[in-house]
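Me: I'd like to go through the reasoning behind a few labels. Could you set each value against its cut-off for me?

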Amino acid sequence: MNYFLRIGAYVLHPLLMPFLGALLYFVVTPRYIEPGLLQSRLIAVAIITICIPVVTFFLLRNLGTISSIHLEEVKERKVPLAIQCVLLVLIIKLVFDPIDSPEMYYFFVGILFSGMSALILAFLKFKVSLHQMGIAGVTMFLIVLSVHFKINMLVWLCIFFIGNGWVASSRLHTKSHTYPELIGGFFIGLMPQLLLVTFWL
C-alpha cells in the first residue's frame, strides 16, 4: 500500500495534466481535426508543458533554487510557477485559437489562472497542492466536455474521481500536504475551469 500511494504522486504529476487534458479532448471531440494538425498541437503542448519544465527543473536544481521536483518548500515554488505561467501564455498565444479551438483555449486559460493563483499564494507563504490542483482542473474540464458534446464520459469521470482520491491520499500519506492545502489546491484547479465555461459552452 505504501508504494501504491507513493506512486500516485508520479503517475498523476501536475506536469502531465495539461497534456492529458489536451489528449483526452482530441480523443472525445466529435469534430474532425486534420491528423497533422492534431499531432503538431499535441507535440507543442508536450514540449511546452513537459519537456521545457523538466529541463528547467534540472537547471534550477543545479543552481540550488529547488531541491525536489515536488517543490515541497514554499520558497521553491515561486520561480517554477512563474516560468509555468509564461509557458502557458505561449500556448494560449501560439498553439490554440479562441475561435478554432475554444475548448482548448479556455482550458489553458483556466490552467493559467490556477497557476497564477498558486504563485500568489506562494508569495503569501501558503503551499497549495499542485498535484490536487492539476487533476481537479482536468476532472472539471472533462465534466464540462461531457455536457458540451453531449457524450457519455462516465468511465473517464470515474477514473479521474478515483485519481483525485489517489492523489489526495498519496500527498497525505507522504505528509507532503495538510488537508487545507489539498482542499485549496482542489478548488484552485476546479474553479477557473468552471468559471470559464460561460465563454465557450
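Reply: Gladly; what follows is a short round of questions and answers on this predicted model.

Me: Why is Tyr10 called exposed?

Reply: Exposed means over 50% relative accessible area. Tyr10 has 53% relative accessibility, so the residue counts as exposed. Tyr10 sits in helix H1, residues 2-11. Together with Phe4, Ile7 and Val11, Tyr10 forms a nonpolar surface patch with about 400 Å² of accessible area.

Me: Now to the aromatic rings. How many aromatic pairs are there?

Reply: With ring centres within 6.5 Å as the rule, the count is 9 aromatic pairs. One of them is Phe107 with Phe108, at 5.2 Å centre to centre and 70 degrees between the planes.

Me: What makes the pair of Phe107 and Phe108 edge-to-face?

Reply: Planes over 60 degrees apart count as edge-to-face. The angle here is 70 degrees, so the label fits.

Me: And why is the pair of Phe107 and Phe141 called stacked?

Reply: Stacked needs planes under 30 degrees apart. Phe107 and Phe141 have 25 degrees between the planes, with 4.2 Å centre to centre, so they are a stacked pair. This pair links distant parts of the chain: Phe107 belongs to helix H5 (residues 102-123) and Phe141 to helix H6 (residues 130-149), 34 residues apart.

Me: How do you know whether Phe107, Phe108 and Phe141 are buried or exposed?

Reply: Buried means under 20% relative accessible area. Phe107 has 1%, Phe108 has 1% and Phe141 has 1%, so these residues count as buried. Along with Phe96, they form one aromatic cluster.

Conventions. Residues are numbered from 1 along each chain as its sequence is written. This is a predicted model: local features need pLDDT of at least 70, side-chain atom pairs count only at pLDDT 80 or more; totals for chains, interfaces and linings use all residues. Side-chain values use heavy atoms; hydrogens and water are left out. Patches are made of residues with over 30% relative accessible area and no salt bridge: like charges are joined within 9 Å, nonpolar side chains (Val, Leu, Ile, Met, Phe, Trp, Tyr) within 5 Å. Accessible areas come from the Shrake-Rupley method with a 1.4 Å probe; for residues, only the protein chains shown count as cover. A salt bridge is a side-chain nitrogen of Lys or Arg within 4 Å of a carboxyl oxygen of Asp or Glu. Helices (H or I, at least four residues) and strands (E, at least two) are DSSP runs, numbered from the N terminus. Buried means under 20% relative accessible area, exposed over 50%, partly exposed in between (1.4 Å probe, protein chains only). Rings of Phe, Tyr and Trp (its six-membered ring) pair if their centres lie within 6.5 Å; planes under 30 degrees apart count as stacked, over 60 as edge-to-face and the rest as tilted.
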